[in-house]
Amino acid sequence: MKIDLTEAMSVDHNEWHTEVPLEMDSISFVQGSFPVEEASPVNVDIFHVKDGRMQIKESARIRVAIPCDRCLRPISQEFVLEAEREVNLSGEERPAYIEGTYLDVDRLIFHELLLHWPSKILCREDCKGICPVCGADLNQGECGCDKQVLDPRMAAIQDIFNKFQSGS
Ligand SMILES: [Zn+2]
Ligand SMILES: [Zn+2]
């Protein structure tokens, strides 16, 4: 949803509040595409300081499904966003969420979500992940695969040993 800021800009110290729905149904960036499960309306407070300088405050609650880093099961992650910024609409440099005299609320929220994106997501602290052999969810129980993999340090010792053997 885009908000036209022309009217807000027409008078100094103009202040207004609006509520707009979030239109995007997924968050897509380099890490993938994550469905938006639920979103409150976005509360936007706009204050025109003077000469195109706007204070923009927004708040929203958004739930996004993000897969667990270990077992890939989707986790419903809640983001409680609340931010404030000042932009200058008469300046040269404008952020990506300002298009001409329009404020692109979805884009603004997208930007905030990325800032708050968790670096790690686990369905639970001790998630056992998936079996590297058969892909079974190990939280559901053992699959019975032989998961013995050679420790890389052991592999290095093995190499030295082999070299010694061939040199003699
Ligand atoms: Zn997990
Ligand atoms: Zn397995």
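Q: Before anything else, when do two strands count as a pair here?
A: Two strands pair if DSSP finds at least two bridges between them. Helices (H or I, at least four residues) and strands (E, at least two) are themselves DSSP runs, numbered from the N terminus.

Q: And what kind of model is it, and how are things numbered?
A: This is a predicted model, in which local features need pLDDT of at least 70 and side-chain atom pairs count only at pLDDT 80 or more, while totals for chains, interfaces and linings use all residues. Residues are numbered from 1 along each chain as its sequence is written, and chains are lettered from A and ligands numbered from 1 in the order in which they are written.

Q: OK, how many helices and strands are there?
A: The chain has three helices and nine strands, and along the sequence they come in the pattern β-α-β-β-β-β-β-β-β-β-α-α.

Q: What share of the chain is buried?
A: Of the 168 residues, 13% are buried, where buried is 20 or more other C-beta atoms within 10 Å of a residue's own, exposed is 12 or fewer, and partly exposed lies in between, with C-beta atoms placed from the backbone.

Q: Which residues have the most contacts inside the largest nonpolar core?
A: They are L5, V44, I46, L103, V105 and I109, in a core of 19 residues. At least two residues of this core come from each of β5 (42–50), β6 (53–67) and α2 (105–115), with β6 giving the largest share, five residues. A nonpolar core here is a set of buried Ala, Val, Leu, Ile, Met, Phe, Trp, Tyr and Cys residues joined through C-beta atoms within 7 Å.

Q: Sticking with V105, what is it in contact with?
A: Leaving aside neighbours within four places in sequence, V105 is in contact with M1, K2, I3, V20, V42 and V44. A contact is a pair of residues whose C-beta atoms, placed from the backbone, lie within 7 Å.

Q: Which residues of α2 are buried?
A: The buried ones in α2 are V105, L108, I109, E112 and L113. They sit on the same side of α2 because they cover an arc of only 140° around the axis, the arc being that of the directions from the helix axis to the C-beta atoms.

Q: L108 is on that list, so how many C-beta atoms surround it?
A: L108 is buried, with 23 other C-beta atoms within 10 Å. Beyond its neighbours within four places in sequence, L108 is in contact with E58, Y97 and L103.

Q: Where does α2 lie relative to the strands?
A: Helix α2 lies across β1 and β9, running at about 45° to β9. Such angles run from 0 to 180 degrees between N-to-C directions, and the axes are lines fitted to C-alpha atoms, for helices over the stretch in contact.

Q: Which sheet do β1 and β9 belong to?
A: They belong to an open, antiparallel sheet of three strands in the order β1-β9-β8. Its edge strands, each pairing on one side only, are β1 (2–4) and β8 (98–99). Strand β9 (residues 102–104) is joined to β1 over three bridges, and K2 stands opposite D104 in β9.

Q: Changing topic, what pairs with β6?
A: Strand β4 (residues 32–39) pairs with β6 in the antiparallel sense over three bridges, β5 does so over seven bridges, and 15 bridges join β6 to the antiparallel strand β7 (residues 74–88). R63 of β6 is the bridge partner of E38, and R63 also stands opposite E78 in β7.

Q: What do the hairpin turns look like?
A: The β5 and β6 hairpin has two residues between its strands, and D51 in the turn has a positive phi of about 45°. The β6 and β7 hairpin has six residues between its strands, with L72 in the turn at a positive phi of about 70°. L72 is partly exposed, with 13 other C-beta atoms within 10 Å.

Q: Why would anyone flag a positive phi?
A: Because most residues other than glycine have a negative phi. Another flagged residue is H13, with a positive phi near 60°, in the loop between α1 (6–10) and β2 (15–20).

Q: Last one, what does R70 touch?
A: Not counting residues up to four places away in sequence, R70 touches L122, C127 and G129. R70 sits in the loop between β6 and β7, and its C-alpha atom is 9.8 Å from that of D126, 56 residues apart along the chain.

Technical notes. Contact = placed C-beta atoms within 7 Å.
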